[in-house]
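Visitor: I would like to go through this chain with you, one question at a time. Please give the reasoning before each answer.

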Amino acid sequence: MVLARSSSSSFIIKKADMEQADMELEDIVNDPIVSKRIKSNKLLGLKKRCPDDGAWMTSTGYMYLIKATSDWAVEYLCPKDGELIRSWSPEVDATTRQIAKEILPKTKRNE
Ligand SMILES: [Zn+2]
């Protein structure tokens with residue numbers, strides 16, 4: 001798998017470490033709607049139409065766990081109005097769940 005990387009790689013890291021660095025998990029405490037954020041390069045190819053102006057938005061590489069539904073909403077940036085939109089859709093559901101499974105601690109797996 002080839003990934004876009006920044007040029008500042010002056011040190012050598014093992015493959016396993018690289019894959020870790022690809023992903024980031026954060027708890028969000030002060031948000032009424034979402035409770036976790038995951039950053040993953042695997043989200044970067046995703047696209048969606050902006051609901052306001054119809055422009056193609058591209059994923060920012062972040063997804064958020066929606067408290068109410070336990071679904072993962074992918075964050076998109078609209079190039080036209082500069083707005084960030086978090087959106088869940090059935091087409092990306094399998095992808096987001098797979099990413100979550102890879103990064104969440106093994107003890108939390110209950111499927
Ligand atoms: Zn827009």
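**Strands, core and helix**

Guide: We can start with a pairing: β1 and β2 form a hairpin, and 6 residues lie between them. Keep in mind that the model is predicted.

Visitor: How many helices and strands does the protein have, and in what order do the elements run?
Guide: The protein has 2 helices and 6 strands. Read from the N terminus on, the order of the elements is α-β-β-β-β-β-β-α.

Visitor: Over which residues does pLDDT stay under 50?
Guide: The average pLDDT of the protein is 83, and 76% of the residues score at least 70. Where pLDDT is low, the predicted coordinates should not be read in detail. The model has 3 contacts beyond four places in sequence for the stretch where pLDDT stays under 50, and that stretch is residues 1-18.

Visitor: In the pairing of β1 with β2, which residue of β2 stands opposite Glu24?
Guide: Strand β1 (residues 23-27) pairs with β2 in the antiparallel sense, over 5 bridges. Met23 stands opposite Ser40 in β2. For Glu24, the residue opposite in β2 is Lys39.

Visitor: Which residue of β4 is the bridge partner of Lys39?
Guide: Lys39 of β2 stands opposite Glu24. β2 also pairs with β4, in the antiparallel sense and over 5 bridges. On that β4 side, the bridge partner of Lys39 is Tyr62.

Visitor: Which residue is the bridge partner of Leu77 in β6?
Guide: β5 and strand β6 (residues 84-87) run antiparallel and are joined by 4 bridges. They form a hairpin with 6 residues between them, and in the turn Gly82 has a positive phi of about 70 degrees. The bridge partner of Leu77 in β6 is Leu84.

Visitor: Which elements give two or more residues to the largest nonpolar core?
Guide: In soluble globular proteins, nonpolar side chains tend to be buried together. Here the largest nonpolar core has 15 residues, and Met63, Tyr64, Trp72, Ala73 and Val74 have the most contacts inside it. The elements that contribute two or more residues to this core are β4 (56-66), β5 (72-77) and α2 (90-103).

Visitor: Which residues does Val74 touch, leaving out those up to four places away in sequence?
Guide: Val74 is among the residues with the most contacts inside the largest nonpolar core. With residues up to four places away in sequence not counted, Val74 touches Leu43, Leu46, Ser59, Met63, Ser87, Val92 and Thr96.

Visitor: Why do the buried residues of α2 lie on the same side of the helix?
Guide: An α-helix has 3.6 residues a turn, so residues three or four places apart point the same way. In α2, the buried residues are Val92, Thr96, Ile99 and Ala100. They lie on the same side of α2 because they cover an arc of only 100 degrees around the axis.

Visitor: Which exposed residues are carried by the face of α2 turned away from its buried side?
Guide: The cover over the buried residues of α2 includes β2 (34-40), β4 and β5. The face turned away from that buried side carries the exposed residues Pro90, Ala94, Gln98 and Lys101.

Visitor: What distance does α2 reach from its first C-alpha to its last?
Guide: α2 has 14 residues, and at 1.5 Å a residue the expected value is 20 Å. The model comes close to that, with a reach of 21 Å.

Visitor: Is Ser70 buried or exposed?
Guide: Ser70 lies in the loop between β4 and β5, and its phi is positive, near 60 degrees, in a residue other than glycine. A residue with 12 or fewer other C-beta atoms within 10 Å counts as exposed. Ser70 has 10 of them, so it is exposed.

Visitor: How far is Asp52 from Cys78 in space, C-alpha to C-alpha?
Guide: Asp52 is found in the loop between β3 (47-49) and β4, and with 11 C-beta neighbours inside 10 Å it counts as exposed. Asp52 and Cys78 are 26 residues apart in sequence, and in space their C-alpha atoms are 9.5 Å apart.

Visitor: How far apart in space are Gly54 and Lys80, C-alpha to C-alpha?
Guide: Gly54 is found in the loop between β3 and β4. Gly54 is exposed, with 9 other C-beta atoms within 10 Å. Gly54 and Lys80 are 26 residues apart in sequence, and their C-alpha distance is 9.2 Å.

Conventions. Residues numbered from 1 in each chain as written. Predicted model: local features only at pLDDT ≥ 70, side-chain atom pairs only at ≥ 80, totals over all residues. Core = buried A, V, L, I, M, F, W, Y, C linked by C-beta atoms within 7 Å. Buried ≥ 20, exposed ≤ 12 C-beta atoms within 10 Å, placed from the backbone. Contact = placed C-beta atoms within 7 Å. Expected span 1.5 Å × (residues − 1). Arc of directions from axis to C-beta. Pairing = 2+ DSSP bridges. pLDDT = per-residue confidence, 0-100.
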